[in-house]
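The following paragraphs lead through the model, with attention to one of its sheets. The reader may wish to keep the sequence and the structure side by side.

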Amino acid sequence: MVDVLQLRLEQRQTQKIVITPQLRQAIKLLQFSAIELQSYIENEIRDNPLLEAEERADGDAPSPEIIRADGASAGVDADVPAFDARDASPAVETVTDWEPATPGDRAYEGAPTAASPEAEWLSTSGKAGSPSDDYDPFATLSMAESLTDHLNEQAQLAFPDAQDRFIARYLIDLVDADGYIRSPLEDAAALLSSPLEDIERVLGVMQTFDPVGVCARDLAECLAIQLREKDRCDPYMERLLANLDLIAACDMQKLRRVCGVDAEDLREMMQELRALNPKPGAAFEHGEVETLVPDVIVRRGPDGEWRAELNPSAAPSLAVDRAYYASLKNRCRSDSERTYLADRLASANWLVKSLEQRLSTILKVATAMVEEQSAFFDHGVRHLKPLNLRQIAAKIGMHESTVSRVTSNKAIQTPRGIFEMKYFFTSSIPSASASSEAHSSEAVRDRIKEFILNESPEEVLSDDRIVTMLKADGIDIARRTVAKYRDALRIPSSAARRRLKRANAA
C-alpha cells in the first residue's frame, strides 16, 4: 500500500501571551528609578522629533485623592496601559515641578549689569554680552587629578633613568584606589624581565611619594611608612604593627606582653595609630555622587491622616508636539516618510500614556503602603507592621510582580527621613502570645540595637540574654535569628564587645 502525501489547509484557534515592544517598554518604565527615567526620556526626545519636554505651573500633577488604595482610579484598569497606535488624541501629560528662578539664575543676580564698567570690559574681551563664535564656556574647567596622574608626575622627577621610569609606570598601574600595590612583585619582575632587586628598589623610592603611605603592600607597611615620616617608628611600634591581628581581637593584655610596654604606653601608641590614614589613595577618588530623588512624598493631610503624593520633581513632563506633526505631515512626499511619521506619532503617544500609567501605579502602591504603615509615621520604626507584596497587590487589585517592579529603585520621603520603598516590606516574627499580633523584623532589629547600645560595661548582653529579654516583650525569636540580625547591624559578638570595653576602660 502506497502512502499518499496530501496537502490541506487547517484553521486553529490558540491562546498565548505575546509581549509586544510597547508592553516591554511599559514594564521597563515601571522599574526605572527617577534618575534612570530622566536619562531614558532624554534619549527618547533625541530620537523622536515629535516629543518635547513640558514645563507647567505647580498644581497640575495628578491628585492623590483620585487614586485610592482599593484600585479605583480614573482611566486606570490594568497593570499596563492598553494603547491603540491609531489613537491620535492628545494624552494628559504629567507635571514637572518647575521653578522659574533656577540656581543658575539666582547666582547670576549679582553679576554686573550691562551698563556697569565690569560688563563693558567683559563685552569687549569677548566673555560677556554677545559671545564670540570661538568662545568655549568649558575651557576654564579642569579635570580632577587622579592618583595615577599624581604618581606619574612624581615618577618623572624621581627617576632620571629610563628603565626605572618604565618600572615605576608599571607599578603605578598596579596601585588600587586605596593606594596599595597588592600584586606580588615577583610577577612584575617576571613580566618586565627585570631583577627583583630593581623592582624593590624602585618601589622603595615610590613609597616616599605623596600622599604619605602610598604604594604600600599591606596595612602594616602603610602605617609604618607614615610613622617613619613622623620619626615615630621605634622598635616598640614595629612590634605593635607586626601584631595588628591582636588589635583587631582587642587582646590588650597579650599586646602589652608582646610589645614590652605598660598600659599607659600602649594607650598612647594606639592613639598614634588611630591618627594615621589607612587608605592614603582615597583622597583622590572623585566618583560621581547621584542625588537620591524621592518618587513619593508622605505628608499629613487636612484631616490628620497620612497621604502619599507624587513628587513633582520626579514626575517627568512629556508631551507630543502636535503642531510640528501637522507641519511635517503636510510636507511628506512619499509613503515611507508618511509611515515613519505615523510610527513616531504612535511611539510618542504610547510613551506619554506609559508615563501616565507609571505615575498612577506608583501612587496606588504608595497610598496602600502608607495606609498599612501609618503607625510608623506616627510613632517610628517600633510600630512597623509585617507587610509583603502579596498584601498590597491584593489590596489594589494588581499582580504581585507589578508591585515588585514599582517598589524597586524607588524612594519615599517622609517626616522621618527618606527610605527605599522596599524598607516598608518586612518579614514577620511571631508573637509569644497567640492573642497578640506578629512583629516586624525591622522593629525587632531596632530593639536588639537598643538593648546593646544601652548595655553596661559590667554586663555585656549575650545572644541568649537578648532572646530572653525579647520574649519578655512578647516576641518569640530564636537565638540564631538574633545572631543574624546582630551581624546585619555590624555589631560584634558579646565576647568581642566585652574585650573592647575592657580595653577602653584600661
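Two strands are taken to pair if DSSP finds at least two bridges between them. In this predicted model, strand β2, residues 296–300, and strand β5, residues 411–414, pair over 2 bridges, in the parallel sense. Within this pairing, V296 has I412 of β5 opposite. In general, the strands of a sheet pair through backbone hydrogen bonds, in either a parallel or an antiparallel manner.

The pair β2 and β5 belongs to an open sheet of 4 strands, whose order is β3-β2-β5-β6 and whose pairing is mixed. The edges of the sheet are occupied by β3 (306–310) and β6 (417–420); each has a single partner strand, and therefore one side of each is left without a neighbour in the sheet. From one strand to the next, the twist averages 25 degrees.

A helix accompanies this sheet. Helix α15, which spans residues 335–372, lies across β2, β3 and β5. With respect to β3, helix α15 runs at about 165 degrees.

The wider setting is the protein chain as a whole, which contains 22 helices and 8 strands. Of its 506 residues, 38% are buried. Among contacts in the protein chain with a separation of 6 or more, 66% are accounted for by residues 24 or more positions apart. The area that the protein chain exposes is about 30,500 Å², and carbon and sulfur atoms supply 50% of that area.

Definitions and conventions: Residues are numbered from 1 along each chain as its sequence is written. This is a predicted model: local features need pLDDT of at least 70, side-chain atom pairs count only at pLDDT 80 or more; totals for chains, interfaces and linings use all residues. Side-chain values use heavy atoms; hydrogens and water are left out. Axes are lines fitted to C-alpha atoms, for helices over the stretch in contact, and angles run from 0 to 180 degrees between N-to-C directions. Contact means heavy atoms within 4.5 Å. Buried means under 20% relative accessible area, exposed over 50%, partly exposed in between (1.4 Å probe, protein chains only). Accessible areas come from the Shrake-Rupley method with a 1.4 Å probe; for residues, only the protein chains shown count as cover.
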